[in-house]
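Visitor: I have a two-chain model open and I'd like to learn how to read it. Could you walk me through it?

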Amino acid sequence: MSSHNHQHAHTIADDIAEKTFQDVSLCYQCGKCSAGCPVRYYMDIAPNKVVRLIQLGFYEEALKSETPWLCAGCQTCSTRCPQEFDLAKFMDAVRELALEKGVEIKHKDILKFHEAFLNQIKRFGRSYEIGLIAEYKMKTMHLMQDVDSGPDMFMKGLLEVIPHKMKDKKSVKDIFKKTAKK
Amino acid sequence: MKIGVFICHCGENIGRTVDCPRVSKACQWLPGVEVSLDYKYMCSDPGQNMIKDEIRKKKLDAIVVGSCSPHMHEKTFRKAAVDAGINPFLVEIANLREHCSWVHDDIDAATDKAIDLVRMAVEKVKRNQPLTTIEVPVTKRTLVIGGGIAGIQAALDVANAGYEVVLVEKEPSIGGHMSQLSETFPTLDCSQCILTPRMVEVYQHPKIKLMTYSEVEKVEGFIGNFTVTIRKKARHIDESKCTGCGLCTTKCPVKKKAFNSFEENLAYRPAVYVPFPQAVPNIPVIDETVCTYYKTGKCQMCVKVCGREAISFDQQDTLVTEEIGAIIVATGYKLYNIEKKPEGSMIKGYGEYGYGKYKDVVDGLQFERIASASGPTSGEFKRPSDGKEPKKIVFIQCVGSRDDSKGFSYCSKICCMYTAKHAMLYKHKVHDGEAYVFYMDIRSGGKMYEEFVRRAIEEDGVKYIRGRVSKITEKNGKYIVKGEDTLASMPIEIDADMVVLATAMIAQTEASELAQTIGIPYDKYGFYNEAHPKLRPIESTTGGVFLAGACQSPKDIPESVAMASAAAAKAMVLFGSDKLEREPVVAKVNELFCAGCFLCKKVCPYGAVEVKEMKDRNGVVYKEIAYVNEGLCQGCGTCTASCPSKSIELAGFNNEEVFAQIAAL
């Protein structure tokens, strides 16, 4: 990546570039992502600042931030970015790296939600809402949370009792096998 | 044939990695070489004298100089050769610096390569033909395309030097965007007050032929000898009779059918109109698309009121040809429009700012008209939707500019300054108003520019927020602007009465078409390319065509004016002599062999290949062949490489010469 032929140590920024196929130097810190972020108000640092910390090499601060975990992955930022930097993808990479490096995660529930979601995919090949709810509640013991919206969702057909069938579950399992980290 | 070889050390530049004495010794034994010498600085006076002495003493026929790039000193050595009586095209340069010593480390290998390079040059020079420079006459008239401030300045400068000018403007009046501006930064002087006297000067100048409402349709010929065809669009008004009294425009019953483009569509204009009261020439135009007469054959109100019988409904477009020596292109820019563009358009719109559907979200030029004393609101700040005075205005910079996702990566350069001016003008008139500017960086390089921006912030209390706005939404007549102050790292929401977008300066819609008509290159954005970004910023790569103003890249007024004067000077340099000298390195067609496939015509980047008819004794055409216009040919050699029958050759680089060079390797 360096144009002057000198070798440099592999950094977190390089990890992110490898995971997302985009260089963090693309970001010119205009802040349009933060300006439009629907969960910005709950974050400890603004999304553009997470990129800034990585640009400057303050990796620990970036990985410890709550922001990547609060990011809902709605991709409003990615859509509006003038530099076409995919910030949602970037946040995904930061979350992965935080887990890999063993950084303490403040929002354990969110991590559990991600795990529960992925487990459904692993098991059924696609998302299964009831399984997700059940597993998430068992993991977090938030048994009564959001229970009142359950009947509504059920009536609207958003909660299918039986998981969707999928022809080629094996391929999905193979993906999990290939990408699984020890 | 007696050839002399001269190897230059270029101080240490060549000598460090090439063993120059070894090169000169090795070259002594090459067939045809009479003498081979080396010297520390061949380009210096003693070096040149050495060459001249050897030519005279040994009666040399040709020389090879092993030195730096021919770009650097080919001229020097050619001149030395001419002084000693050799044709300048019997001088070959072997580039031992850029092509050898600078790019290699190994002395032995580099020296071997240097010998190869010289040997190749020797084989070529043996076959070189003596050539003579081409002389072409010069028509001392200038065509200026575009009547904005750049075109006006260029036309006045050339005309004041005593040369004739034809100034072509596609709109009904000259003046360009500058005539639309309210006040100008950093002095806040009134734009019209400084511009209109110049417009009148153009109109009255005996050396300037002004052609408004006209467009360049065809450009033929080459530097010093262009023939330009100009389409004079039908005004439907007899220019020789019209006095510009304006009665037709006031009486025209068509009131709300056509937007006034001078007012940036914030007002309407009648079917017969003068773009603005100070227009030059002050002669109206009838817009066929909205005029009742052209639809129903009735009305003719203008005919009834015109005391001079100047209305001429059946007037047609006319084509005028002009003989021209130099062309100055000053076609300017237009503003990027945030509206949703049709499918397939290269340009994307701004969905997050409402695709232009919010009435009180205006662009920079619209705001200029609102702020202008001669504008639709007579200089009072009123927002377009309901005419109320806005108490809170948000200015957003870099809309489109510096925005890869919308297709424009560049900075439009002037928006930082005019936004500061806009905010300042607003604060000067609406004292209790609030002005917010969303910016990414403040780029205020220029005399008194940074001071101007500071004045807006310090004296006029304009609030600058560093960050790009994410979205604008409408709510109860207010515009909710969502941004982030990236310095304080705080989300910010402003409920504004009006939003002004500093949209990007982009190339004119027909910029690329005009470039193709003239034969000049342009970049991916449609801006015209200069011949060299540093040292030839005024010239296009086509001889005799010069650039001025924002058609080359975004520019403010002083820069456009400076560039226009420079372009005028370039045209005058051309007119300084009666004949032009050109290098004879041009392509020539072998008329016997040419089969007339015209592949060369297709590939020629300069449009130099023409069709020539071959006639027999009775004047009957028996075949068509290619013919190279020496004035246009730039000697690039594309045609010679593409010719399937090898019947087009470049003088100075013909096949025999080049193959001999390759064979010597």
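Visitor: How many residues does each chain give to the contact?

Guide: Two residues are in contact if their C-beta atoms, placed from the backbone, lie within 7 Å. Here 18 residues come from chain A and 17 residues from chain B. Bear in mind that this is a predicted model, where local features need pLDDT of at least 70, side-chain atom pairs count only at pLDDT 80 or more, and totals for chains, interfaces and linings use all residues. Residues are numbered from 1 along each chain as its sequence is written, while chains are lettered from A and ligands numbered from 1 in the order in which they are written.

Visitor: Which helices of chain A each supply at least two residues of the side that touches chain B?

Guide: Helices (H or I, at least four residues) and strands (E, at least two) are DSSP runs, numbered from the N terminus. On that side of chain A, helix 2 (32-36) and helix 3 (47-56) each supply at least two residues. Helix 2 of chain A gives the most, with four residues.

Visitor: And by class, what is on that side of chain A?

Guide: For the classes, Ala, Val, Leu, Ile, Met, Phe, Trp, Tyr, Cys and Pro count as nonpolar, Asp, Glu, Lys and Arg as charged, and the others, Gly among them, as polar. The side of chain A that touches chain B has seven nonpolar, six polar and five charged residues.

Visitor: Now a helix pair. At what angle do the axes of helix 5 and helix 6 of chain B cross?

Guide: Axes are lines fitted to C-alpha atoms, for helices over the stretch in contact, and angles run from 0 to 180 degrees between N-to-C directions. The axes of helix 5 (residues 149-160) and helix 6 (residues 191-204) of chain B cross at roughly 50° and come within 10 Å. Angles under 35 degrees count as roughly parallel, over 145 as roughly antiparallel, 65 to 115 as roughly perpendicular and the rest as oblique. Helix 5 and helix 6 of chain B are therefore oblique to each other.

Visitor: Which residues meet there?

Guide: From helix 5 of chain B, I149(B), I152(B), A155(B) and L156(B) meet L195(B), R198(B), M199(B), E201(B) and V202(B) of helix 6. By class, this contact has seven nonpolar, no polar and two charged residues.

Visitor: Let's zoom out. Into which domains is each chain divided?

Guide: Domain bounds come from an automatic or database domain assignment. Chain A has domain 1 (12-100) and domain 2 (108-179), and 26 Å separate their centres, taken over C-alpha atoms. Chain B is divided into domain 1 (3-127), domain 2 (141-233 + 317-332 + 508-575), domain 3 (247-305), domain 4 (334-506) and domain 5 (583-663). In chain B, the centres of domain 2 and domain 5, over C-alpha atoms, are 34 Å apart, and each of these two domains gives five residues to their contact.

Visitor: How many helices and strands are there in chain B, and how many in chain A?

Guide: Chain B has 17 helices and 34 strands, whereas chain A has eleven helices and zero strands.

Visitor: Last one: what percentage of each chain is buried?

Guide: A residue is buried if 20 or more other C-beta atoms lie within 10 Å of its own, exposed if 12 or fewer, and partly exposed in between, with C-beta atoms placed from the backbone. In chain B, 46% of the 665 residues count as buried; in chain A, buried residues make up 24% of the 182 residues.
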